[in-house]
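Let's take a friendly walk through the buried spots and hollow spaces of this protein. Have the model open as you read.

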Amino acid sequence: MPVCDNPCSSVFSSFEMPASTPCRWDIFCKVIDNFGDAGVCWRLARQLANEHGARVRLWIDRPETLDAMRDGTEAPGIDIRQWSKHVAPTDPGEIVIEAFGAKVPESLLAAMVASPHPPVWINLEYLSAENWIEGCHMLPSPHPRLPLTQWFFYPGFTRNTGGLLREADLLIRRDRFMSRGSGPFWHRLGVAPPDAQALRVSLFAYETEGLGGLLEAWRDGDRTVWCAIPESRVSPQVREWANDSLPAGGAPLHRGALTLQTLPFISQDDYDLLLWTCDLNFVRGEDSFVRAQWAAQPFVWQIYRQDEDTHIAKLDAFLCRYLKNAPKNTADALRAFHAEWNPAAGNSSARPGGAWPSLATTLPVLQRHAAQWCDHLAHEIDLAAALAEFAKGKLK
């Protein structure tokens, strides 16, 4: 947790979308864990450009990470640049964002100091449901040597935070897609649509000890489970479980009541469609975690592991908030499954397969709960609008 210069929390006085925003934003992204950090920054850049008229330079140390994620998507208003300790800008825009600890180069700091109108310098933090972030959101952090001030900005789940990324038309697009059916989507991916009676599951995960037990529970269960697996870090583990017998070319593999359907790496836009069409989504990190909530479907979150199990406290904070109004048996089942899916360090007895039957019985209630939670979140400001409003106020 950062040291805050002011113990008082800050609150937005208005949730109206600003009429205009500064001309140019510089967003700095350092790819730490596969695609998550890049995914959030790419969504943010797109929304700032599309909805707030911003010109965005997205500085990323591994721009190739965005290639598959974009899948040829046009990006008007966005200039993707590679940066390193040898290549960095010296002409800052009106807004400079360090995303998730990506430190801007010293050359840019010098240019910010020399500017007659220093930019608004924002430290965009990781998403958390913990209560303490409300007290540090939008607080200043003066540079120890230079006449510059950086501002903490925390995404979150309450109006005392920066909110979540959500495009203005996201839920409209979701509902339109669902009303038309997912057949064309599967056809475009070259995948046969799942059986209408099957439980449709998407599995996007890190490597995890409990995967085999869960797949076996699905294989041996009473209900047919169709599991789509986008290419990710968990894919080799799935192939190992299947004894390397997953068919080539994306054909399904049948094991008892379980059908495994591998997918190629899909773009961000197609991943949203996958979440919308599945009955249960396994997600990880931050980007897919947020998008699962906008899907309004039940989900299981695999949080990124941290030293000394500090991630467990973050997971508990979210579940407390998410399950506050859920029926007790439903909340208990989801908590128990998350505890097995996110074991503490040294816990080799995690058995998500054993927790699966209880979770499965609560899925109809969880579906209604997920829809209510999504509706609740949709009444709060979104992260891009919150950043635009904050920056506009600081540049006056």
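## A buried arginine

This is a predicted model, and a good place to begin is R43. Because its relative accessibility is 5%, and anything under 20% is taken as buried, R43 counts as buried. This arginine sits in helix α1.

Who keeps R43 company? Setting aside neighbours within four places in sequence, R43 is in contact with L165, E167, Q268, D272, D287 and R291. Two of these names, L165 and D287, come up again in the lining of the largest cavity.

## Enclosed space

How many cavities of 30 Å³ or more does the structure hold? There are three. The largest cavity has a volume of about 80 Å³.

If you would like to find the largest cavity on screen, select its lining: V40, L127, P155, G163, L164, L165, E286, D287, V290 and L383. By class, that lining has seven nonpolar residues, one polar residue and two charged ones.

## The largest pocket

Turning to open spaces, the largest pocket has a volume of about 920 Å³. It is lined by 41 residues, and the closest to its centre are D37, Y126, G285, E286 and Y304. E286 is therefore worth a second look, as this residue also appears in the lining of the largest cavity.Which helices contribute to this pocket? At least two lining residues each come from α1 (36-52), α9 (268-277), α10 (287-295) and α11 (310-322). The largest share, four residues, is supplied by α1, the helix that also holds R43. The lining of the largest pocket is made up of 23 nonpolar, eight polar and ten charged residues.

## The second largest pocket

The second largest pocket holds about 220 Å³ of space. Its lining consists of F157, T158, R321, Y322, K324, N325, H369, Q372, W373, H376 and E380. Two elements, α11 and α14 (363-377), give two or more residues each to this lining.

Which element gives the most to the lining of the second largest pocket? That is α14, with four residues. Helix α11 is also among the contributors to the largest pocket. As for residue classes, the lining of the second largest pocket divides into three nonpolar, five polar and three charged residues.

Conventions:
Residues numbered from 1 in each chain as written. Predicted model: local features only at pLDDT ≥ 70, side-chain atom pairs only at ≥ 80, totals over all residues. Heavy atoms only, no water. 1 Å grid on protein atoms, 1.4 Å probe; cavity = no way out; pocket = protein on both sides within 12 Å on 5 of 7 lines; lining within 4 Å. Points joined across faces, edges and corners; volume = space filled by probe spheres on them. Nonpolar A, V, L, I, M, F, W, Y, C, P; charged D, E, K, R; others polar. Buried < 20%, exposed > 50% of the residue type's maximum accessible area, 1.4 Å probe, protein only. Contact = heavy atoms within 4.5 Å.
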